[in-house]
Structure formats: structure tokens, C-alpha cells
Amino acid sequence: MRVGHLTSDDFGGVSTMLYHLVMCSREFGRHQHDVIIADVNQERTQTLSNRLGKGNYRSVERTRLSRLRWLVRHAHQYDVLVAHKTSWYFWLGIYHLLFAWRCRPGFIAVIHDGTLFLPGIQFRERMTNLFMKKFSQQIIVVRENFKSQIERTLSRSKGVHYIGNGLPSTFSTGLDGRSTPSGQQVILSLSRLDDVAKDVGTILQAVHLIDDCNHQVIVGGEGRYRSHWVQLRDDLSLGRQVKFVGEVSDVQGFFQEGTLFVLSSTFYEGTPMVLLEAMLSGIPVLASRSALPDWALEHRLCLDFEPGNGSDLAKAIRYFCSLHASEIEEMTDCARQYVREHFDVRQQLLAYETVIEQVTA
């Protein structure tokens, strides 16, 4: 069976998740999995293409019209299409596709952000919600925080499955033994800087409020908002303390450079890949409450702060600095073990393929 994973996420968390899923499927999977990225930056996603190899990656042309044409022209090659984090116009394309075909592939929607089903969403999200409910035979939810709202919104006949993202257990290999100058805290941030809601600004404001040169910040990632955050750094006179390093190809090595990872998103993410990567690497995590899935808070696997609140983040960083090394080690060990047990990519692949087989049964 041939499965196409369709996403508009160009080298962010979703495409990283799909990379691990496809690589795992080559060794353990029952079906062929392809990644189809309708990207906005062909050059950046070419890296993913090179890693996955020919036959497991397609890059659709940039314009929306070209993406819809791709659906009509090529989607019939797949037995199942799995739509990840796609915008309303993709679902509009699927709508046209259904009228063009009598025999069509099955459609599965993957919800990485449960806020699609919260009150007060914007028109585009309502459109995505409508098409998703109408045309998906099964729906996969990555974050369970909004389980009740999602199930109230969907029809009872719709199959809803809860599957988190996954990582290979080998990701953490060789990451022990990080070291920094005595007394210095190196704060890491890693995200795709195309979205202002990733909110690097809160980290910069927190370090500015701490007013302590022993706190350094390394920001990884690229995107159109990078210049915005660089300007804020300069406005806050943090030029000596904050370094932007661009796209990070060696994520494991990146995490070894710091003493604390901060996830500062102001919106509700699914199961953030970067959160799993950080926890599996063994670095302590400090995250905004909106970015954290329930399990991370329930099991006390990291510290948290109010989203978008620089003073609250500064307070949390000071608290982290006051912790004894044994307390930090206990927290990071628990986080690493939890991720290993619950978010192994092999478990994720098995769960996906079970849902896929239900669609084609």
C-alpha cells in the first residue's frame, strides 16, 4: 500500500516528524510512506529531500494553484493521503478532487493544533475545520489537551485517534557530559522563525530583566522573523549575550552547547518535536504553558512559565539557577525516560499504520 503524507510545513517540526516516520517505515513498516511538502522555500526543504532519498519525497510548486493542480494530477497514485498541518485551500483542493473522482484514495486528517476546535477561531481555521470534518474518514489528534472540545465538535461516526509524535531512541546517543564556564547559563532556543508566535522576544526580555552577563542565549533557526528578533536584541543592548546561529543541521550537537532549553511558543502546539528532542538529549527544559502537553506538566518533566510573559520567564530562570544539581538531574532523567517509553517512533508508526488499514479495509 502506498501512503502519501501531505504537509505545508517546510522543514519545521511536522516535516521533521515525517522524516523519522518514513525512515522508520523503511525498516519496520508494512507500507510505503512518501512525504509530500507543498513548501514555500524549495531551497530549505531540499535538505530533507536529500536525506530521505529519491522516491520518498516530493516538493510541490510554490503557488497555491500549482498545489491544487498537483492534488488533481498526482494524488491518485496513493491509496491513502494523510494531511498534516495543511491550510484550508488544501482541503478546498480535496473538495474538488472528490468531484473529479469516483474512485478516490482515503483521506486522514492529522490535527497538530487542537485550537482548531476552540471558540473564537478565525475564518480560515473554521474553513479548515469544516473541510476536515467533511472529507476525512479518520482523524488523528497529536495533542490530547483539547480532547473534549474536539470530540464535541466532530460527528460521532468519525473515528478519532490520539497519536503523539515519535523519535528514534538513538537520538540521545553521546549527549552526556556537556560543560560550560563556571557559573554561566547558556540558554538555547530552537524553532522555525517564520512564525512570530514562536516568540523568541520573551526570552530576550527575560534575559534583559535578569541583567546578568552570566546568562547567554543561542537562537537556532531561520525564517522571515529573524531580523525582527535581531532588532529587538539590539534594542535591548543584548548584542554580547545573544547569538543567532541560523539553520541547525546537527540538533544533537546543538543541545550539547547549552545548560537550559527554553520553548517559548505563545500558541498551543501538538507534541512539539523540539520538546521531545530536548528531553531525550538530557538538557533541562523550561517551557511556556501553552506549548506544553498535559503529560509534561503532570509528570513534572520540566519547568514552566506564563506564555509571552518575560518577567515570569526571568523568575523561572532564576529559580532554575537556584536548584541543586541533583534536582536538575532527577528532572532530566525522568523526562528522558518518559519520552523513551511513550514517544518511540516505532510505536508511532504502528499506530499510524493501524489507522491507515482501517481506512482501506
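**Helix α7, the parallel sheet and two cysteines**

In α7, the buried residues are V200, G201, T202, I203, L204, A206, V207 and I210. The model under description is predicted. Helix α7 spans residues 200–210 and is mostly covered, with 8 of its 11 residues buried. The residue that follows α7 is D211, and the phi of D211 is positive, near 55°.

The strands β10, β9, β8, β11, β12 and β13 form, in that order, an open sheet of 6 strands with parallel pairing. At the edges of this sheet lie β10 (242–246) and β13 (303–305), each of which pairs on one side only. From one strand to the next, the twist averages 25°.

Within the sheet, strand β8 comprises residues 185–190 and strand β9 comprises residues 215–220. These two strands run parallel and are joined by 6 bridges. One of the residue pairings between the strands involves S189, whose bridge partner in β9 is V219.

Cysteine pairing was also examined, and the structure holds 0 disulfides. Accessibility was computed for C302 and C321. C302 has a relative accessible area of 6% and is therefore classed as buried, since this value falls under the 20% cut-off. C321, by contrast, has a relative accessible area of 35%; C321 is therefore classed as partly exposed, because this value lies between the 20% limit for burial and the 50% limit for exposure.

Definitions and conventions. Residues numbered from 1 in each chain as written. Predicted model: local features only at pLDDT ≥ 70, side-chain atom pairs only at ≥ 80, totals over all residues. Heavy atoms only, no water. Disulfide = S-S within 2.5 Å. Buried < 20%, exposed > 50% of the residue type's maximum accessible area, 1.4 Å probe, protein only. Pairing = 2+ DSSP bridges. Helix = DSSP H or I, 4+ residues; strand = E, 2+ residues; numbered from the N terminus. Axes fitted to C-alpha atoms, helices over the stretch in contact; angles between N-to-C directions.
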